[in-house]
Amino acid sequence: SPRNELITAAACRFIASTISLIEIQLDKKSSVSHWREIINAGLKHRSPTVQEAAAAALAQVSKLVDCSAVVDR
């Protein structure tokens with residue numbers, strides 16, 4: 001919804017600036033195991049600003065690991 005636009009975009013920007021290979025590898029044992037869900041919600045959001053923030057987060061993740069298996073084509 002429009003009300004969560006700022007929070008979702010901020011969360012995606014935070015993920016983009018703080019994600020590490022260790023967090024990715026820990027998966028469900030990570031201290032923030034739901035980071036993928038946040039990025040996915042951002043990518044599906046109707047706001048272009050949120051989508052861009054989520055895309056930036058996914059770009060950072062893809063610099064650390066191969067994301068081709070989780071990206072819908």
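**Close-ups of a four-helix chain**

**View 1. Helices H1 and H4 cross in a left-handed sense.** The contact uses Glu 5, Thr 8, Ala 9, Cys 12, Arg 13, Ile 15 and Ala 16 on the H1 side. H4 answers with Thr 49, Val 50, Ala 53, Ala 54, Ala 56, Ala 57 and Gln 60. Keep in mind that this is a predicted model. Two packed helices are described by the angle between their axes and by how far apart those axes sit. For H1 and H4, the angle is about 15° and the axes are 8 Å apart. Angles under 35 degrees count as roughly parallel, so H1 and H4 are roughly parallel to each other.

**View 2. The whole chain, for orientation, has four helices and zero strands.** Reading from the N terminus, the order of elements is simply α-α-α-α. The protein chain has 73 residues, and 26% of them count as buried. About 5200 Å² of the chain is exposed, with carbon and sulfur atoms supplying 57% of that area. As for how the chain folds back on itself, take the contacts between residues at least 6 apart in sequence: 58% of these join residues at least 24 apart.

**View 3. The largest nonpolar core holds 14 residues.** Which of its members touch the most other members? They are Ile 15, Ile 19, Trp 35, Ile 39, Ala 57 and Val 61. Helix H1 (5-18), helix H3 (35-44) and helix H4 (48-64) are the elements that each give two or more residues to this core. H4 puts in the largest share, with five residues. Zoom in on Val 61 and, leaving aside neighbours within four places in sequence, you'll find Val 61 in contact with Ile 19, Ile 24, Trp 35, Ile 39 and Cys 67.

**View 4. H3 packs against H4, with the axes coming within 7 Å.** The two axes cross at roughly 140°, and that makes H3 oblique to H4. The cut-off matters here, because only angles over 145 degrees would count as roughly antiparallel. What is the handedness of the crossing of H3 and H4? The crossing is left-handed. On the H3 side, look for Trp 35, Ile 39, Gly 42 and Leu 43. They meet Val 50, Gln 51, Ala 54, Ala 55, Ala 57, Leu 58 and Val 61 in H4.

**View 5. H1 also packs against H3, with their axes 9 Å apart.** The packing angle is about 130°, which makes H1 oblique to H3. H1 passes H3 in a left-handed crossing. From H1, the contact takes in Thr 8, Ala 11, Cys 12 and Ile 15. From H3, the partners are Trp 35, Ile 38, Ile 39 and Gly 42.

**View 6. Thr 8 sits in helix H1 and touches residues far from it in sequence, namely Gly 42 and Val 50.** Those two contacts are what you get when residues up to four places away in sequence are not counted. Is Thr 8 buried or exposed? Its relative accessibility is 13%, and buried means under 20%, so Thr 8 counts as buried. Thr 8 is also part of the H1 contact with H4 and of the H1 contact with H3.

**View 7. Glu 52, in helix H4, comes with a long hop in sequence: Ala 9 is 43 residues away along the chain.** In space, the C-alpha atoms of Glu 52 and Ala 9 are separated by 8.3 Å. Glu 52 counts as exposed, at 57% relative accessibility.

**View 8. Ala 41 belongs to helix H3 and pairs up here with Gln 51, ten residues apart in sequence.** Going C-alpha to C-alpha, Ala 41 and Gln 51 are 8.8 Å apart in space. Ala 41 is partly exposed, with a relative accessible area of 40%.

**View 9. Asp 27 lies in the loop between helix H2 (21-26) and H3.** The backbone is the thing to check in this view. Most residues other than glycine have a negative phi. Phi of Asp 27, though, is near 50°, a positive value in a residue other than glycine. Asp 27 is partly exposed, with a relative accessible area of 37%.

Terms used: Residues are numbered from 1 along each chain as its sequence is written. This is a predicted model: local features need pLDDT of at least 70, side-chain atom pairs count only at pLDDT 80 or more; totals for chains, interfaces and linings use all residues. Side-chain values use heavy atoms; hydrogens and water are left out. Buried means under 20% relative accessible area, exposed over 50%, partly exposed in between (1.4 Å probe, protein chains only). Contact means heavy atoms within 4.5 Å. Accessible areas come from the Shrake-Rupley method with a 1.4 Å probe; for residues, only the protein chains shown count as cover. A nonpolar core is a set of buried Ala, Val, Leu, Ile, Met, Phe, Trp, Tyr and Cys residues joined through side-chain atoms within 4.5 Å. Axes are lines fitted to C-alpha atoms, for helices over the stretch in contact, and angles run from 0 to 180 degrees between N-to-C directions. Angles under 35 degrees count as roughly parallel, over 145 as roughly antiparallel, 65 to 115 as roughly perpendicular and the rest as oblique. A crossing is left-handed if the near helix is turned anticlockwise from the far one by less than a right angle, and right-handed if clockwise.
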